[in-house]
Amino acid sequence: MNTLYAVILAALVFYIGYRFYAQRIDKNIMQSDPRKATPARLYMDGVDFVPASRGVLYGYHFKSIAAAGPIVGAITAANLWGWLPSILWLLIGVTFIGWMSDYSAIMVSVRNDGESLSAIAHRLIAPRTRTILLVFIFFYLLLVAGAFGNIIVGVLFGQPQVPLAIVTLVIMGMLGGQMLYRWRTDLILMTLITVGVTLLVIIAGPLGMQVNPPATQGGAPTIVQGPVGQVMVGWNNAVNAITGGAPVISYFDPTLPLPADAPSGVAVANVRITPAFLFWLVFLSAFAYLGSILPIWRFAQPINYIGFWITFLTIVLASLGAALAVFIKPDVATLKIEAIKSADLGFSLAAGKAWQPLWPMLFATIACGAISGWHALIGSVGTSRQIENETDVLPVGGGSMFTEMTLGMLSLLAVSVAGQGVGVPAFANGVGNFLSVLGVPQHIGAALGFSSFVVIVITVFQLVIRVMRVTLAEGLGDRSQIFRNPHVGILISLVLMCLLVLSGIWVYLWQLFGSSNQLMASLSLLVVTVWLASTRRRTTFALIPTLFMYVTTMAATLVIARNLWETVVVPNSVRAGAGIAVGGAIAMILVSILLFVAAAMIGLDGWRAYRRYSGGAPEARTVPAQSTT
Amino acid sequence: MTSPRSAIKTRSGLLARLSGLAMSVKSFVYGMTAYEFERHALAERARLEDLFVLITLGDIIGVPILPPYYSLRLLPFAVPRLAAWKRRLLRERHVLENEEYDLIEL
């Protein structure tokens with residue numbers, strides 16, 4: 001198996017799934033009608049309801065959904081189960097579930113006056129659905145903040161050639177906002193200046209860096225930092241000197257390897273939170289604070305824009321490299337990790353060990369490349385109000401999801417060809433390998449991979465904190481005015497995020513986020529299924545994915561709770577200084593139970609509503625649901 | 001043998017297709033890049049307009065601020081936009097609509 005075969009396979013699945021399945025559903029079941037007036041044309045207020053052309057909306061929706069999720073999920077899954085199950089889920093999941101989730105969420109919203117999914121659920125299923133969804137959204141955002149925060153701080157701390165690029169990104173972002181909104185500079189000029197300078201600094205980071213081959217077989221390569229990296233290393237050492245190099249917090253993480261000098265069979269502390277790590281956590285918090293409190297045009301939006309360009313260029317060049325590798329550098333094109341990591345697919349259960357069965361955990365780990373609940377929310381709140389024509393919904397919603405699958409595929413291939421490193425370093429090395437096919441030195445390509453990854457994650461992170469603040473105000477603002485204060489909301493969100501970063505085991509955090517994301521997807525599919533039943537349409541194509549995703553993600557939530565208890569709480573509870581890790585694990589267990597209960601309530605209400613509209617219950621309503629068909 | 005007329009038709013058909021493809025790519029790139037700035041600029045202007053109309057004609061939704069004399073002077077200019085304004089102000093909003101939801105890429 002090589003990268004060219006994978007690229008061809010992805011293209012084939014895209015074409016066949018879209019042409020022969022998606023278009024059939026759109027034509028025969030949803031019956032999209034170009035003559036029907038959409039909310040964008042009906043209301044056309046020039047702000048929220050604005051008809052946009054298909055091509056523009058496709059680009060807009062794709063950008064809204066494609067970012068860090070498909071990248072991180074694919075990286076993690078490849079490490080846990082190998083490339084083969086991950087590729088299969090990406091391809092099969094998006095063909096039968098993913099595109100349909102995005103597409104139908106937008107279509108249902110279009111057919112219901114542009115209402116959001118939660119408003120439709122409130123009407124069709126039960127009034128309490130809306131409140132439960134709000135709780136869901138908050139904890140979902142908290143988990144993604146914790147998972148992303150963990151990654152960002154890890155890279156800022158562990159990759160000294162990266163932080164300068166982030167500082168430059170901040171400065172260029174603020175300059176970009178000023179140029180565009182206040183000085184009325186041309187967008188192209190603003191882009192060239194801000195993106196150009198940021199790219200130059202990214203490339204300057206690894207200049208002078210030397211990567212020496214490992215001294216022994218199977219060892220790690222030795223890295224000698226260039227001037228930029230050495231400054232950062234010096235800074236980290238100076239901060240660590242506060243405690244004489246001793247860690248502030250330490251605990252045992254079962255998902256990470258033990259230190260080389262650890263006695264065998266003894267779970268010694270392998271996570272050491274040093275003062276330098278805490279410094280970068282504070283740096284990240286300050287970044288998120290600015291992003292949450294300043295006007296969107298001043299900070300968050302231009303930084304997001306610059307970050308998009310950097311990631312876009314990296315992804316496009318890496319994709320080109322992946323396709324051409326087999327002709328130019330065949331060694332790069334070969335997948336180096338196992339197709340299947342273990343023959344039992346993770347199903348064997350041992351007491352005290354993490355349990356990662358393929359089902360249900362793969363489907364929670366690859367959260368966004370195959371299907372995502374967040375996309376359904378975004379689609380129903382924003383995209384649906386800009387749809388000009390019902391026949392645009394499929395290329396915009398379904399097409400974007402199919403295209404996002406290719407992003408997940410690229411991340412998977414990058415990790416698979418890296419040949420060294422695990423997780424984000426593997427992704428960056430893989431991107432470096434792909435860029436080396438185009439003549440870019442490998443270590444510069446890897447630095448670009450690291451930086452583009454951190455850039456994309458950090459820009460999402462600041463906005464997640466922003467929305468957490470808003471959700472807190474929305475949910476608790478009526479009970480206590482203090483939650484309406486933006487500074488209080490941001491502080492609460494940041495403190496919770498920091499607690500998760502310091503105490504959450506990253507793999508479990510990501511999987512819990514993935515579970516909540518997929519649970520949201522199954523809930524949005526549930527709303528779609530109930531709507532289909534209420535309008536007397538065939539429900540099979542939505543009902544089966546709903547049941548599959550619902551059962552799978554509920555099971556994944558329970559597995560994660562079990563893993564947290566067995567591998568974090570129990571071994572660390574007798575260890576001195578591991579209190580924060582135990583506390584974090586217990587908090588995550590409580591969150592997983594809360595999500596489980598919330599999803600169970602919505603599932604029960606949804607099932608009752610489905611039976612009501614499909615006429616299965618004696619008390620079936622005779623009045624159809626209030627919606628345009 | 002292909003006649004000159006059909007050759008011209010084929011070439012112009014191909015050119016039209018290529019031109020259409022170029023247009024689609026242009027729209028796609030615009031949608032990914034500049035479109036969010038256009039939307040944000042429109043939203044900012046709309047917020048200011050909403051505030052202005054609320055102050056001048058707020059008694060329509062039960063918020064009397066200005067004396068009716070001034071409201072009546074401005075009424076002829078505001079009438080074309082009143083329906084859209086009322087709908088925008090009074091529409092129930094999802095929690096995600098309050099911030100730039102489309103920038104959160106997950």
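Biologist: Happy to look at this with you! How do H9(A) and H18(A) lie with respect to each other: parallel or oblique?

Modeller: Gladly, and keep in mind that this is a predicted model. Helix H9 of chain A covers residues 187–204, and its axis comes within 9 Å of that of H18(A), crossing at roughly 125°. An angle over 145 degrees would count as roughly antiparallel and one of 65 to 115 as roughly perpendicular. The crossing of H9(A) and H18(A) falls in neither range, so the two helices are oblique.

Biologist: Thanks! Which residues of H18(A) make the contact with H9(A)?

Modeller: The crossing of this pair, H9(A) and H18(A), is right-handed. From H9(A), the contact uses A:Leu199, A:Ile202 and A:Ile203, and from H18(A) it uses A:Ile444, A:Ala447, A:Leu448 and A:Ser451.

Biologist: And how do the residues of the contact of H9(A) with H18(A) divide into nonpolar, polar and charged?

Modeller: Take A:Ser451 of H18(A), which is part of the contact. Serine belongs with the polar residues under the scheme used here. The division for H9(A) with H18(A) comes out as six nonpolar, one polar and no charged.

Biologist: H4(A) also packs on H18(A); is their crossing left-handed or right-handed?

Modeller: Helix H4 (residues 68–81) and helix H18 (residues 442–476), both of chain A, have axes 10 Å apart and an angle of about 120°. That angle makes H4(A) oblique to H18(A). As for the hand, the crossing of H4(A) and H18(A) is left-handed.

Biologist: Nice. Which residues make that contact, and how do they divide into nonpolar, polar and charged?

Modeller: H4(A) brings A:Ala68, A:Ile71, A:Val72 and A:Ile75, while H18(A) brings A:Phe453, A:Ile456 and A:Val457. The residues of the contact of H4(A) with H18(A) divide into seven nonpolar, no polar and no charged.

Biologist: On to the rings: how many aromatic pairs are there over all chains, and what kind of pair do A:Phe157 and A:Phe277 form?

Modeller: Searching the whole structure gives 33 aromatic pairs over all chains. For A:Phe157 and A:Phe277 the ring centres are 5.9 Å apart and the planes stand at 75°. Planes over 60 degrees apart count as edge-to-face, so this pair is edge-to-face.

Biologist: Where in the chain do those two rings sit, and is A:Phe277 buried or exposed?

Modeller: A:Phe157 is in helix H7 (residues 128–158) and A:Phe277 in helix H11 (residues 275–293) of chain A, 120 residues apart, so the pair links distant parts of the chain. A:Phe157, at 28% relative accessibility, counts as partly exposed. A:Phe277 has 9% relative accessibility and therefore counts as buried.

Biologist: What about A:Trp309 and A:Phe312: by how much of a helix are they separated?

Modeller: Their ring centres are 5.8 Å apart with planes at 85°, so this pair is edge-to-face. A:Trp309 is buried, with a relative accessible area of 19%, whereas A:Phe312 is partly exposed at 28%. Because they are three residues apart in helix H12 (residues 300–328) of chain A, the separation is about one helical turn.

Biologist: One last favour! Which residues of chain B does A:Arg385 touch?

Modeller: A:Arg385 lies in the loop between helix H15 (373–381) and helix H16 (393–417) of chain A. A:Arg385 is buried, with a relative accessible area of 3%. Leaving out residues up to four places away in sequence, its contacts include A:Asp48 and A:Glu115 in its own chain, and in chain B they are B:Arg91 and B:Glu97.

How values were computed:
Residues numbered from 1 in each chain as written. Chains lettered and ligands numbered in written order. Predicted model: local features only at pLDDT ≥ 70, side-chain atom pairs only at ≥ 80, totals over all residues. Heavy atoms only, no water. Axes fitted to C-alpha atoms, helices over the stretch in contact; angles between N-to-C directions. Helix = DSSP H or I, 4+ residues; strand = E, 2+ residues; numbered from the N terminus. Parallel < 35°, antiparallel > 145°, perpendicular 65-115°, else oblique. Left-handed = near helix turned anticlockwise from the far one by under 90°. Contact = heavy atoms within 4.5 Å. Phe/Tyr/Trp six-rings, centres within 6.5 Å; stacked < 30°, edge-to-face > 60°. Buried < 20%, exposed > 50% of the residue type's maximum accessible area, 1.4 Å probe, protein only.
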